[in-house]
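I opened a notebook for this structure and wrote down what I looked up, entry by entry.

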Amino acid sequence: MNRRPTLLAALALTAAAALTVSACGSDNNTPAKDKDTIAGADTGGKKSASPSTSAPAAADRPKIELPGDISYTFDWPETGDKEKDAVLADSEQSIKAVDMAIVNQNPLDKAYLYYYEGEAAANTEEFIKAYVEAKARVTGAYSYYDADVQVTGGTAASFVYCEDQSKAFDMYLKDKKVNKTPVTKNSYVLYSTKLRKNEKGVWVVTKLLSQRGSDKCQR
């Protein structure tokens, strides 16, 4: 979740390198290293049970409720492949769930923990904490595009995509002041994620890396 204001960039220095928190359009960002590559899912520890062959019913999923001043455009059409399309659908929900946790000012919000686990969950918790400490939340319009999803063995996936933050900002809760920043190269972010299909049939994020200002995502 590589987003957000200069203030939060400072607060997030203690967060894992996988989550780069910085101004949506500012040149004063600290982008992830260009050489960062996403590693495979953890292989140590206990083996998980075989994942379900069917996705959980909508009633089993957490309800995502966000303020009307936050909007999303997911410009990644269906692939026609059942598992790839499931990765895309669950990734949309995981993105929104993190923003809901920020809006709720809750680093342990159950909705995002439904879609994140392990290293990704721990790093996301620190990312959300930075917002809580700054008493700020997200606002504006987020756009996602250039999706590339690969599924291996029906239970592991890699997902690379871009985010346009040129119309997305941070809002401080005390005075509702929106921290609007100019559009620059750094307004565009490349994400690389690793996911696994869990026992419920949900594609959960296990690892996440981001690169702000990526040439691949420029518009």
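**Entry 1: aromatic pairs.** Before counting, I fixed the rule: rings of Phe, Tyr and Trp, the last by its six-membered ring, pair if their centres lie within 6.5 Å. I also noted that the model is a predicted one. By this rule I get 13 aromatic pairs. I then looked at one of them, Trp76 with Tyr144, and recorded 6.0 Å from centre to centre and 45° between the planes, which makes the pair tilted. I wrote down both values because a pair of aromatic rings is described by the distance of the centres and the angle of the planes.

Where in the chain do Trp76 and Tyr144 sit? I found Trp76 in the loop between β1 (70-75) and α2, and Tyr144 in strand β2 (residues 136-152). The two are 68 residues apart, and the pair links distant parts of the chain.

Are Trp76 and Tyr144 buried or exposed? The cut-off for buried is under 20% relative accessible area. Trp76 has 6% relative accessibility, so I entered Trp76 as buried. Tyr144 has 1%, so Tyr144 is entered as buried too.

I followed the ring pairs further and arrived at a cluster made of Tyr72, Phe74, Trp76, Tyr142, Tyr144, Phe159, Tyr161 and Tyr191. I also looked for a charge over a ring, and noted Arg219 over the face of Tyr145, at 3.6 Å from the ring centre.

**Entry 2: the overall layout.** I stepped back to the whole protein and listed four helices and six strands. Along the sequence I read the pattern α-β-α-α-α-β-β-β-β-β. The protein has 219 residues, and buried residues make up 49% of them. I also looked up how far apart in sequence the contacts reach. Of the contacts with a separation of 6 or more, 70% are between residues 24 or more positions apart.

**Entry 3: helix α2 against helix α4.** I took helix α2 (residues 82-104) and helix α4 (residues 118-134) and found that their axes come within 9 Å and cross at roughly 35°. I put this crossing down as right-handed. Which residues meet there? From α2 I listed Val98, Ala101 and Ile102, and from α4 Thr124, Phe127, Ile128 and Tyr131. Sorted by class, this contact has six nonpolar residues, one polar residue and no charged ones.

**Entry 4: Val103.** I stayed in helix α2, where Val103 lies. Setting aside neighbours within four places in sequence, I found Val103 in contact with Leu66, Pro67, Ile70 and Arg137. I also checked the C-alpha atoms of Val103 and Ala136, which are separated by 8.1 Å, with these positions 33 residues apart along the chain.

**Entry 5: Tyr115.** I found Tyr115 in helix α3. Its relative accessibility is 0%, so I entered Tyr115 as buried. What does Tyr115 touch, not counting residues up to four places away in sequence? I listed Arg61, Pro62, Asp90, Gln93, Ser94, Ala97, Val202, Trp203, Val204 and Val205. The C-alpha atoms of Tyr115 and Ile95 are separated by 9.0 Å, and the two residues are 20 apart along the chain.

**Entry 6: Val151.** I placed Val151 in strand β2. At 25% relative accessibility, Val151 counts as partly exposed. Leaving out residues up to four places away in sequence, I noted that Val151 touches Glu83, Lys84, Val87, Ala156, Ala157 and Trp203. I also looked up Leu195: its C-alpha atom is separated by 9.2 Å from that of Val151, and the two are 44 residues apart along the chain.

**Entry 7: positive phi.** Most residues other than glycine have a negative phi, so I wrote down exceptions. Gln105 has a positive phi, near 55°. I located Gln105 in the loop between α2 and α3 (110-115), and entered this residue as partly exposed, with a relative accessible area of 22%. Lys176 also has a positive value, with phi near 60°. Lys176 lies in the loop between β3 (156-172) and β4 (177-179). Is Lys176 buried or exposed? At 53% relative accessibility, Lys176 counts as exposed.

Key: Residues numbered from 1 in each chain as written. Predicted model: local features only at pLDDT ≥ 70, side-chain atom pairs only at ≥ 80, totals over all residues. Heavy atoms only, no water. Axes fitted to C-alpha atoms, helices over the stretch in contact; angles between N-to-C directions. Left-handed = near helix turned anticlockwise from the far one by under 90°. Contact = heavy atoms within 4.5 Å. Nonpolar A, V, L, I, M, F, W, Y, C, P; charged D, E, K, R; others polar. Phe/Tyr/Trp six-rings, centres within 6.5 Å; stacked < 30°, edge-to-face > 60°. Buried < 20%, exposed > 50% of the residue type's maximum accessible area, 1.4 Å probe, protein only. Lys NZ or Arg CZ within 6 Å of the ring centre and 35° of its normal.
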